[in-house]
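Biologist: Could we go through this model together, one question at a time?

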Amino acid sequence: MKTEASNNQKKNVKEAKSSSNFIKQIIEEDIKANKNEGRVHTRFPPEPNGYLHIGHAKSICLNFGLAKEYNGLCNLRYDDTDPSKETIEYVEAIKEDVRWLGFEWEDREYYASDYFEQLFEYAVQLIKAGKAYVDSLSPEEIREYRGTLTESGKNSSYRERSIQENLDLFERMRAGEFKDGEHVLRAKIDMASPNIIMRDPTLYRIKHVSHYRSGDMWCIYPMYDFTHCLSDSIEGITHSICTLEFEINRELYDWVLDWLEVYHPQQIEFARLNLSHTVLSKRKLIRLVEDGHVTGWDDPRMPTISGLRRRGYTPEAIRNFCNRIGVAKADSMVDIALLEYCIREDLNKRTPRVMGVLRPLKVVIENYPEDKEEELEAINNPEDPSMGTRKVPFSRVLYIEQEDFMEDPPKKFFRLAPGREVRLRYAFFIKCIDVIKDPDTGDIIELRCTYDPATRGGDAPDGRKVKGTLHWVSAKHAIPSEVRLYDHLFVKENPNEVEEGKDFSTYLNPNSLKTLKDCKLEPSLAKATPGSRFQFERLGYFCVDSKDSTAKALVFNRTVKLRDTWAKILKSHQKNTVDK
RNA sequence: UGGGGCGUCGUCAAGUGGUAAGACACAGGAUUUUGGUUCCUGCAUUCGGAGGUUCGAAUCCUCCCGCCCCAGCCA
């Protein structure tokens, strides 16, 4: 028997704690060695040029989670050094998403663009140290001079300009005396380095573009490699966690900080998230939006935070997911089934149950009086008795789900069929006595049934058992609704893996959205507010769409299906018959 | 064929010289007024491969194989 305490414990299920990983080990060793006086300070550094997705959630949970676990801090920092792509709208959307996920950066909201003056001073310092120079090669020449992966590059003819000349030119770059592309500031490292990043990387470029924050104050903008390490240094970041593709940039990260002799955070790289049946690159997500494959960044099919939110996902489920997938250095592809498991787990505990019929089939209870109606008591959440009960109206004409009736049922089909008796959840046993078809099409349009008044509530006093229990809605009381059923965006597990001459969009799932306009819901749903979540019994978890739903015309999104053993049985049977 | 990384169950992933955690998925079974939930049970004699060191190797050494990243004035 479950005790009150164990019930409570269950309700407050502790968030899955992330297990040990190599980053925690590094941090723990650092703390033990009293590196940084035992301080842990991380940062989440998005570029405001797109919306956050579940891959960013992994990074957010990692950075903020580490800070929390080791009593440290995590900054929110915008890496906004490319004014041609960045906007304030993205800044706002990112803040909303991080906050919604449940993380708090307090007053530590920083912008690399706020460091421009300081960064400029650092660049001057580098020039003075003879470690940077103004190059006047064209972009094409710079590319040619860089060499290839197997051949070393060659020095620019401007590489040996005097410090004075470099200083003068750099000041004039800042002053706006030159056009875009005329000059760049480069680090003077080694054009023969086997690491291409180190072949005199560009530090500053001229861009006569106004910046969403600094306006027209600058026409030269620092590059990522120069900005990021110094921003980390300025903020006193201890562990600068980024994704694997920056591994080769670490040499430059260290080079800049070493030559400038400033506080030196440690860059640590981990593998970015890949999720099956979707794409997670900004470029591809933008294409989905721009090509109209989805309705926007917050389309409930998108793996964006805003899409997941609109779909009905909870921050808790996403955080649990991030804790469960782990952190490592091996490239990997997480099965989207794990994400779905996480949201079901959360919604199962917190969501009220209701009945709604997606594809209605009319049922007339012949022995139920025309004018009679009654209310039956239904449990709101069997997982949580404190959520109480509600009344659902019953009357002579009902709707059940089309797929809950079969005229010629296969073995193991426990639902309604001619002559068979089933239970209507929380109501009565009914028996099908007749099937009415459309004379032209042959489609089943109505079922005639009888009910057993003695089974009120769902139990037969004579101990009679029934195999199936169906959800239903009283026709007279039903409220109409539109319901959107979502499925994986891509049919292919890894849409990034494309066949010759094809592109990821060829693997788009044509059935990723099915809109049902004739759904019938129990009347208690009339007052459902945007964003509220429910379990439609036997079907799945649904939420009221926050954009398109109105009090008069409800729109529900299916967050995720319930686990469906019957569907599995059907599938394996089909497979078996095909195999034979 | 330069450099930097990575290979442990179908998918993630612990493991750090003492004899392969856990989760998802999958397959059985029990309970069930949701074919839901919950609960049991099963699921890597073997860690990319081959050698070697060792009483003992997923862990150390050697060679090989495979995959990923880098030639933006993007991040």
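The questions below turn to the RNA and then to a pair of helices.

Biologist: Which part of RNA strand B accounts for 64% of its atoms that come within 4 Å of the protein?
Modeller: This is a predicted model, in which 71 residues surround RNA strand B, the closest being T81, R353, R415, G457 and T565. Of the strand's atoms that come within 4 Å of the protein, 64% belong to sugar and phosphate.

Biologist: Which residue places a backbone N or O atom 3.1 Å from a base oxygen of RNA strand B?
Modeller: The side chains of K85 and N348 each have an N or O atom by a sugar or linking oxygen of the strand, at 2.9 Å for K85 and at 3.2 Å for N348. The contact to a base oxygen, at 3.1 Å, is made by a backbone atom of Y426.

Biologist: How many residues of the surface near RNA strand B are charged?
Modeller: Helices and strands that each supply at least two residues of this surface include α6 (139-145), β6 (202-206) and α14 (565-579). By class, the surface has 28 nonpolar and 17 polar residues, and the charged ones number 26.

Biologist: How are α3 and α12 oriented to each other?
Modeller: Helix α3, residues 54-69, packs with α12 with the axes 9 Å apart and at an angle of about 75 degrees. An angle from 65 to 115 degrees counts as roughly perpendicular, and therefore α3 and α12 are roughly perpendicular.

Biologist: How many nonpolar residues does the contact of α3 with α12 have?
Modeller: From α3 come I54, A57, K58 and C61, and from α12 come I318, R319, F321, C322 and I325. This contact has two charged residues and no polar ones, while its nonpolar residues number seven.

Conventions: Residues numbered from 1 in each chain as written. Chains lettered and ligands numbered in written order. Predicted model: local features only at pLDDT ≥ 70, side-chain atom pairs only at ≥ 80, totals over all residues. Heavy atoms only, no water. Near = heavy atom within 4 Å. Polar contact = N/O pair within 3.5 Å; in protein donor to acceptor, adjacent residues only side chain to side chain. Helix = DSSP H or I, 4+ residues; strand = E, 2+ residues; numbered from the N terminus. Nonpolar A, V, L, I, M, F, W, Y, C, P; charged D, E, K, R; others polar. Axes fitted to C-alpha atoms, helices over the stretch in contact; angles between N-to-C directions. Parallel < 35°, antiparallel > 145°, perpendicular 65-115°, else oblique. Contact = heavy atoms within 4.5 Å.
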